[in-house]
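Student: Hi! I've just opened this one and could use a friendly walk-through. Shall we look at it together?

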Amino acid sequence: MQQRSASAAKNLCRKILNHHNQIQSLKRPPCDVFINHRCIDTKRTISGLLFDHLSRLRLHPFLDSKNMRPGDKLFDNIDRAIHECKVGVAVFSPRYCESYFCLHELALLMETKKRVIPIFCDVKPSQLHVKDNGLCPGEELQRFTYALEEAKYTVGLTFDTLEGYVYYTILDL
C-alpha cells in the first residue's frame with residue numbers, strides 16, 4: 001500500500017512539474033534589446049528591420065507592435081521590458097517628441113541606467129525638443145527633457161531612409 005502511495009505521489013509530482021515546464025515555455029523570454037521608436041515614423045523601416053535582424057541573431061528584442069497582444073497592459077509590459085533589457089535603442093524621428101509614450105520610455109531607459117544607442121532617423125539631434133502641450137505635469141516635462149538631452153549627447157547612428165545608409169553621429173547639434 002505504501003509503495004503504491006509513493007508511486008502515485010511521484011507520478012503526481014512528475015505531472016505537476018511537466019505542467020509547470022509547459023507553462024514556463026509559454027512565457028516570453030526576457031528582453032535583450034528594447035527598441036524605443038515612434039511607430040508612425042519607423043515601424044515599417046528601421047525599427048521593423050532592426051527587430052527582424054536582432055531576432056535572426058537569436059536575441060530577444062522588444063518592439064511594441066511585435067511583442068504585445070490584445071489585452072496586454074501597455075505600461076506594465078513596456079516598463080517590464082525596459083527593466084529586463086540589457087540595451088536600449090532609441091530611434092529618433094521627426095515626430096518622436098510628439099509622443100508621450102516615446103518620451104516616457106526614453107526617460108525610463110535613462111533612469112534605469114541602461115546603455116542607450118541613439119539612431120537619428122531622418123532627423124538631426126538639434127531638431128529634437130520636448131514641447132509643452134499643456135497636458136503633462138512640469139515634473140514629467142523635466143524628466144523627458146533631461147533624458148532627451150542625455151541621449152542627444154550620446155554617440156549614435158544616423159539613418160537616412162531615402163538614401164538607405166547608416167553612419168555614426170558624434171555630435172551634430
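**A nonpolar patch and two unusual phi angles**

Tutor: Sure! Leu74, Phe75, Tyr100 and Phe101 make up a nonpolar patch on the surface, and together they have about 330 Å² of accessible area. Keep in mind that this is a predicted model.

Student: Which helices supply at least two residues each of the nonpolar patch?

Tutor: Those are helix H4 (74-84) and H5.

Student: And Tyr100, which helix is that in?

Tutor: Tyr100 belongs to helix H5.

Student: Is Tyr100 exposed or partly exposed?

Tutor: Tyr100 is partly exposed, because its relative accessible area is 34% and partly exposed runs between the cut-offs of 20% and 50%.

Student: OK, new topic: backbone angles. What is the phi of Lys113?

Tutor: Lys113 has a positive phi, about 60°, and it is not a glycine. In general, most residues other than glycine have a negative phi.

Student: Where is Lys113 in the chain?

Tutor: Look in the loop that runs between helix H5 (100-111) and strand E4 (115-121).

Student: Buried or exposed there?

Tutor: Lys113 counts as exposed, because its relative accessibility is 72% and exposed means over 50%.

Student: Which residue other than glycine has a positive phi near 60° in the loop between E4 and helix H6?

Tutor: That's Asp122, with a phi near 60°. Its loop lies between E4 and helix H6 (138-152).

Student: How does Asp122 count for accessibility, exposed or partly exposed?

Tutor: Asp122 counts as partly exposed, at 37% relative accessibility.

Terms used. Residues are numbered from 1 along each chain as its sequence is written. This is a predicted model: local features need pLDDT of at least 70, side-chain atom pairs count only at pLDDT 80 or more; totals for chains, interfaces and linings use all residues. Side-chain values use heavy atoms; hydrogens and water are left out. Helices (H or I, at least four residues) and strands (E, at least two) are DSSP runs, numbered from the N terminus. Buried means under 20% relative accessible area, exposed over 50%, partly exposed in between (1.4 Å probe, protein chains only). Patches are made of residues with over 30% relative accessible area and no salt bridge: like charges are joined within 9 Å, nonpolar side chains (Val, Leu, Ile, Met, Phe, Trp, Tyr) within 5 Å. Accessible areas come from the Shrake-Rupley method with a 1.4 Å probe; for residues, only the protein chains shown count as cover. A salt bridge is a side-chain nitrogen of Lys or Arg within 4 Å of a carboxyl oxygen of Asp or Glu.
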